[in-house]
2 protein chains.
Amino acid sequence: MDALTIHEAAEITDWSPRMLRYIERAGLIEPQRSGAGYRLYGPAELQRLRTLRELVTRFDIGLGEVGFAQRLRSDADLAVAIDDWLEAKPRRPQHVPAADWLRWEQDKHSKLLALAGAATHA
Amino acid sequence: MDALTIHEAAEITDWSPRMLRYIERAGLIEPQRSGAGYRLYGPAELQRLRTLRELVTRFDIGLGEVGFAQRLRSDADLAVAIDDWLEAKPRRPQHVPAADWLRWEQDKHSKLLALAGAATHA
DNA sequence: CAAACCTTGACACGCCTCTGGTAAGGTTCA
DNA sequence: TGAACCTTACCAGAGGCGTGTCAAGGTTTG
């Protein structure tokens, strides 16, 4: 059998068995199960566990962050909504050509100005 | 003067003054300051506050998430690293026999398996 | 069969987030 | 000047995260 049990996987990836279950519950790494329900970690999962550790320590992020990034790529509505909101910052992204930026910015403004107008009192 | 104080801005955006300060500390919306240090919210900030509220309630996310998305677009290294990790997700097609899958995995992660190889026992 | 695994569920603890307060002190303006 | 704002800096409390541990019970295997 080319798969490790949770304790074995934990040992060689330097996580604890507890954390392996936690990572699974976070939807990050979901190993196969044996007939009796035992978790079975194959080479791919082991590698992913190692790189996950490197990822979170290198950038000092949490598993929740990684899960959110995962959600971001599976939920297009969310990705678009957040991107729009961040884009609306009064800072011009460097990778957008000036002409495109301007036209896009005008579109956006026309939509928002109707709502924003009422707020300018003193 | 075309700018609101924190209490005024809070009232019309349906946040609390406390949360406006919190949102600022989270790096999401940083209003101008008056000479004496008073926060001054202009139309752009007010609109951004409203859309922020809609964003977090619609998708049930936290300010931390929005801040993380912001970090994601300003830190290319982070974005690439997370994207790579998510891309490497092992989706094992059910119709592929185990032996083929294993070889495919080895091709894909050939250099990584050198590290993982020691683990395949049991 | 018994040891040594595995499973889920729960309690616990420290730290962070979100949100509301309050206190001590500076600013604005009638 | 005094009321009514504003500022920062704390305390507080519920809830989530990261982690360990323990209990009750199923599985595997010598």
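I count a residue as near a molecule or strand if its C-beta atom, placed from the backbone, lies within 6 Å of it. This is a predicted model, where local features need pLDDT of at least 70 and side-chain atom pairs count only at pLDDT 80 or more, while totals for chains, interfaces and linings use all residues. Residues are numbered from 1 along each chain as its sequence is written, and chains are lettered from A and ligands numbered from 1 in the order in which they are written.

**DNA strand C**

I started with strand C and found 19 residues around it; T5(A), H7(A), R39(A), S16(B) and G62(B) come nearest. Next I looked up the elements that give two or more residues to this surface: α1 (6-13) of chain A, plus α2 (17-25) and α4 (63-74) of chain B. My helices (H or I, at least four residues) and strands (E, at least two) are DSSP runs, numbered from the N terminus. By class, the surface near strand C has 7 nonpolar, 8 polar and 4 charged residues. For that split, Ala, Val, Leu, Ile, Met, Phe, Trp, Tyr, Cys and Pro are nonpolar, Asp, Glu, Lys and Arg are charged, and the others, Gly among them, are polar.

**DNA strand D**

Around strand D I get 17 residues, and S16(A), G62(A), T5(B), H7(B) and R39(B) come nearest. Here α2 and α4 of chain A, together with α1 (6-13) of chain B, give two or more residues each. I noted that α2(A) gives the most, with 3 residues. The classes come out at 6 nonpolar, 8 polar and 3 charged.

**Chain A overall**

I looked up the fold of chain A: 6 helices and 2 strands, in the order α-α-β-β-α-α-α-α along the sequence. Buried residues make up 23% of its 122 residues. I call a residue buried if 20 or more other C-beta atoms lie within 10 Å of its own, exposed if 12 or fewer, and partly exposed in between, with C-beta atoms placed from the backbone. Of the chain A contacts (C-beta atoms, placed from the backbone, within 7 Å) with a separation of 6 or more, 47% join residues 24 or more positions apart.

**Positive phi**

Which phi does D14(A) take? The value is near 70 degrees, positive in a residue other than glycine. D14(A) sits in the loop between α1 and α2 of chain A, and is exposed because 10 other C-beta atoms lie within 10 Å. D60(A) has phi near 55 degrees, also positive, and lies in the loop between α3 (43-59) and α4 of chain A. D60(A) is exposed too, with 8 other C-beta atoms within 10 Å. In chain B, D60(B) has a positive phi of about 55 degrees just after α3(B).

**Helix α3 of chain B**

I checked α3 (43-59) of chain B: 17 residues, reaching 24 Å from first C-alpha to last, close to the 24 Å expected at 1.5 Å a residue. That expected span is 1.5 Å times one less than the number of residues. Its buried residues are E45(B), L46(B), R48(B), L49(B) and L55(B).

**Cores**

I take a nonpolar core as a set of buried Ala, Val, Leu, Ile, Met, Phe, Trp, Tyr and Cys residues joined through C-beta atoms within 7 Å. The largest has 14 residues, of which A69(A), L72(A), I82(A), A69(B), L72(B) and I82(B) touch the most other members. At least two residues each come from α4 and α5 (76-87) of chain A and from α4 and α5 (76-87) of chain B. Another core, of 10 residues, lies apart from it and includes L4(A), I23(A), I29(A) and L49(A). Not counting residues up to four places away in sequence, I82(A) touches L55(B), V66(B) and A69(B).

Conventions:
Contact = placed C-beta atoms within 7 Å.
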